[in-house]
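User: Hello! I would like a close look at a single part of this model, followed by a walk through its surroundings. Here is the structure.

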2 protein chains.
Amino acid sequence: MTINEAVQAVNPSVSVKMAIGIYLFSNALLSLGTERHLKFYEATVKHREILASFALTEIAHGSDARLMRTTATYDPEHKEFVIHTPDFEAAKCWVGNLGKTCTHTLLFAQLITPDGTNHGLHGFVVPIRDPNTLETYPGLIVGDMGEKIGVNGIDNGFIMFNKYRIPRENLLNRTADVTEDGIYQSSFSEPSRILGAALENLSAGRIGIMQESCQSLASAVSIAIRYAATRTQFGERDRETPLIEYPLHQWRLFSHVASAVVFRLYVQNFTKIYLNIVEKSNAGHRVDNLSEAVSEIHAIVSSCKPLLTWGALRAAQQCREACGGHGFLKRANIGDIRSNHEPTVTYEGDNSVLSQQAGNWLLRQYENSRAGAAVDSPLGTLAFLRDCAAISGRTFDCKTTSDLKNPQFILSTYKWLICWLLKYTYEKNEAELAKGLTKAQARNNSQVYRWKTLTKVYAEYLTMIFCLENIESKEKELQPVLIKFFCVYGLSTIDENLVELYQGGFSKGEEMARLVRDALMELCADVKVEVVSVVDALAPTDFVLNSVLGKSDGKLYQNLQKAFFSEPGAFARIPWWREVVPSSKL
Amino acid sequence: MTINEAVQAVNPSVSVKMAIGIYLFSNALLSLGTERHLKFYEATVKHREILASFALTEIAHGSDARLMRTTATYDPEHKEFVIHTPDFEAAKCWVGNLGKTCTHTLLFAQLITPDGTNHGLHGFVVPIRDPNTLETYPGLIVGDMGEKIGVNGIDNGFIMFNKYRIPRENLLNRTADVTEDGIYQSSFSEPSRILGAALENLSAGRIGIMQESCQSLASAVSIAIRYAATRTQFGERDRETPLIEYPLHQWRLFSHVASAVVFRLYVQNFTKIYLNIVEKSNAGHRVDNLSEAVSEIHAIVSSCKPLLTWGALRAAQQCREACGGHGFLKRANIGDIRSNHEPTVTYEGDNSVLSQQAGNWLLRQYENSRAGAAVDSPLGTLAFLRDCAAISGRTFDCKTTSDLKNPQFILSTYKWLICWLLKYTYEKNEAELAKGLTKAQARNNSQVYRWKTLTKVYAEYLTMIFCLENIESKEKELQPVLIKFFCVYGLSTIDENLVELYQGGFSKGEEMARLVRDALMELCADVKVEVVSVVDALAPTDFVLNSVLGKSDGKLYQNLQKAFFSEPGAFARIPWWREVVPSSKL
């Protein structure tokens, strides 16, 4: 994970190429395959003869994996699986590394036995190109999808299989197998659990995306803050005002710096806890409430991956605008940071779809707590639901801004908010069900302003509690400044949720909106003196940051001049000048 | 303006090249120059020998034009102006067409007479390249700024002048001149009015940007709505659900479709009024309260240009995400629409800076109305300020969602909101002044949550009143559907301003937030059946829209297949395959 994060900061396409081509594939071989697949593992990891890809999404089906239509039909006569794509809508697509470079793909297809039974999605190792020539094999239509908004170092491809045959042994058979004569044998009782195991590998991927988002976010705010500290505008000739002195500029940027701090400390702490559980369970040690912990981790990842990826995207846009026209230069690098980050909001689980899964878990815990049953939260993120009734009775009673500028106020406000949103979402959902709607329909009608807001607020709360725990483990000298940035983040997110706090009755009258916003502005003025040091701590090296506006030397205009003057061809006459001068003059 | 809007829809770089290279330059010659500049006008418009550029922004100064440092010093001996750039920070930059192609630039420089007096910024026609060879002239350092996030068909350049000489007659001398022996003669008494006249040309440019934003917005929502209508996901195999059926998807997109409708009808109506005044005054006819009308128009443009450009940007991002992974394809064209639109939020007046100018005008009118003086609003946009006291006494008293789904509720809520924000902003500003701060400091401290929100809300109100007037002039059959989209827009913007409506006491308790949001969701469900027809009316032709996801034939997957298969080289082996196969195998 650390290697991935570091490589991504330098070049996102390279990190994706490695992550899919080597790590995801080799891990999948270990977790889904058996000893008969070790040859692929060694060819990938030891001999570097295999570069892999991961083929799941189809042209017409992405989020809904159940309805994928690529088939792998077993032929007992030849002891082979016959892979087939019925039509273009079922072509696998968006497969990174497939367009031009991979030698094998990890394919997910519907496994069909000779008796015609469909056993659902299974993983297969499928050869795509001859490793010695990179020629694709006959029976395949493999192409590159062309240019994208970003990450163009990755060759995303599509593929159609025309009754393409692979050996029986290429089925990854840890959880289920097909015998030589075509009998399906599963080690799980339910096919859905097989799918779950097959897709579990995606969780680590989503944590990886959160780590990368922290990098992109840190880079973007570093550029904008350094620019704001060196760029002056308005005032008198000899004492023009640096942008960072303007309250509006502080307000536009500092909440994003704060989220860079909070998100990073959250991810650091959460990753440690996650890996601890994974390692324990892989080593065969007992983990208490393992299945409940896995559900809670899934809810955490499913709500936080959207929060972090959207947060970094929003920050990058604000940072580009805060650098004005100069931020529009490719050399400022904010544009590329943004474009390369952008796909994360719809891949590895579309954010809008993924956060609904967190909502399911949250509602289930709320129903448990209403029914007086235990809340299944071994990681403790919803432990406070036990006191939901008491929490719901609270109201806003602060008198001055200093009452608000502390984690205690922020977290207790969040607990109220989560309890209220749980109730609000639950009641809407029940009302829709009472109308006779199906579960899916009721849930769809309860998304906007309810489910969606609930999972976002839960994710904000999660980033704060894991961050706070992390701050408390740091050196004492660092804690005051980290707590200030924590409060900038917490108050700016409370600001975004004020409507619900008014609607739900936590707040009445003008005080809360005024005090939250005044407190936030005071904190912005307060952290101004520390913010440059904070981004210096967050930023990668100048080489990695690669921005003409964000170098750590603060020599903004000298760096711009050097960049302009050293661009190849900057001063050259256009080669097609003859085509544009008036023809009468030639 | 119509030609510009149409060309921009096909290719934004071409429209910028023409707008700057021909129209802006030739208009400036007519408005700032005299008969001695007609030769430049004819060379540009008739003979197409001149392609121009517009050099104002400097490396270290953009928004604050006063402090530009390029000088034009008059030399009476040679009867020439000597243009000089003291250092790289004063290099002109972001000059479209300058990097590679223009023959002349319209330069703004500090005019200095032989007595050493600086008379402020003036416009000069400055030859850059030999029109016959496109070679730059000696004495100039002219280069291209390199790649940008978008609009890369424009060669943005930078330039430094090394005591570069131009004839005295190249000064655009309609409002001021320098005699042969170096005496400055102004036809205005105040130099600031000269600058005002020189920069007035920018107003039409900002209206042009609003028209272009409407095009970009319409294109983006057309792609996303057509995709949403054809793409299905989840449900049963034979009856999967189209994305457009999901309430969350409706809520994500329909407010942007509504803003595409409202913005276009606003711009259409406002442009007509603006051009009417301009033509009348150019023809020498009397325009009542011309100077007040010019101020009000400036406030309208300064607040609406930010609203429309940010609105289109936000919409393009939402549309890309609503098209999922496929929206990330370059061929979907949403990425390019977005990237080419993106600079509008920081150019021709940075949005954050520009909207402050509207705020100045608003506050001045509020002070007038408080003092019992007349409100100077000949276009009538603030006429309601007369009734400010009565309006401020209103509170929310609707009982059902149908009370909210009409323009009357929306506009009266906005009037309350503007009155409250004027008072809230004014009082904060006065309180800061009372602390002894300067006017600039007080204003800076009153931006966030006050000034900034005020000008945004005023702009929203403006788009609605001009749109409504336009709807009322349309055929009766069209009005009901247009009013519905008007209400979707109005309720979604009220939703964004709920905090202020609670904070200011317009609303108490949970009703307003609930009813506004329920009404919006009801309207979304309601307009679902009309939204495809509406985007068919808004969208340009398929050729212009140029999106594989947004073709009007609805054949989503066939179009994708054709695009993938016909991409040159899609199926070709990479030319550098030998470099990546295992060397031992070669």
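Is A:E348 buried, exposed or partly exposed, and why?

Analyst: Happy to help! A:E348 is partly exposed, because 17 other C-beta atoms lie within 10 Å. By the rule used here, 20 or more other C-beta atoms within 10 Å of a residue's own make it buried, 12 or fewer make it exposed, and anything in between is partly exposed, with C-beta atoms placed from the backbone.

A word on conventions: this is a predicted model, where local features need pLDDT of at least 70 and side-chain atom pairs count only at pLDDT 80 or more, while totals for chains, interfaces and linings use all residues. Residues are numbered from 1 along each chain as its sequence is written, and chains are lettered from A and ligands numbered from 1 in the order in which they are written.

An unreviewed UniProt entry annotates A:E348 as "active site"; such annotations, given in the numbering used here with shortened feature names, may be inferred rather than shown by experiment. A:E348 sits in the loop between α7 (334-341) and α8 (351-370) of chain A. Helices (H or I, at least four residues) and strands (E, at least two) are DSSP runs, numbered from the N terminus.

Further along chain A, the unreviewed UniProt entry places "domain: Acyl-CoA oxidase C-terminal" at residues 406-581. That span is 73% helix and 0% strand, and its end C-alpha atoms are 67 Å apart.

Now for the core. A:V257 is in contact with A:V221, A:I225, A:F485, A:V531, A:V534 and A:V535, leaving aside neighbours within four places in sequence; contact means C-beta atoms, placed from the backbone, within 7 Å. The largest nonpolar core has 344 residues, and among those touching the most other members are A:V257 and B:V257. Such a core is a set of buried Ala, Val, Leu, Ile, Met, Phe, Trp, Tyr and Cys residues joined through C-beta atoms within 7 Å.

Between the chains, 77 residues of chain B are in contact with 77 residues of chain A. The chain B side divides into 37 nonpolar, 19 polar and 21 charged residues; Ala, Val, Leu, Ile, Met, Phe, Trp, Tyr, Cys and Pro count as nonpolar, Asp, Glu, Lys and Arg as charged, and the others, Gly among them, as polar.

Finally, chain A has an open sheet of 3 strands in the order β4-β8-β7, with antiparallel pairing, where a pair needs at least two DSSP bridges. Its edge strands are β4 (92-95) and β7 (140-144). β7(A) pairs with β8 (residues 157-161) over 5 bridges, and A:V142 stands opposite A:I159 in β8(A).

Definitions and conventions: Contact = placed C-beta atoms within 7 Å.
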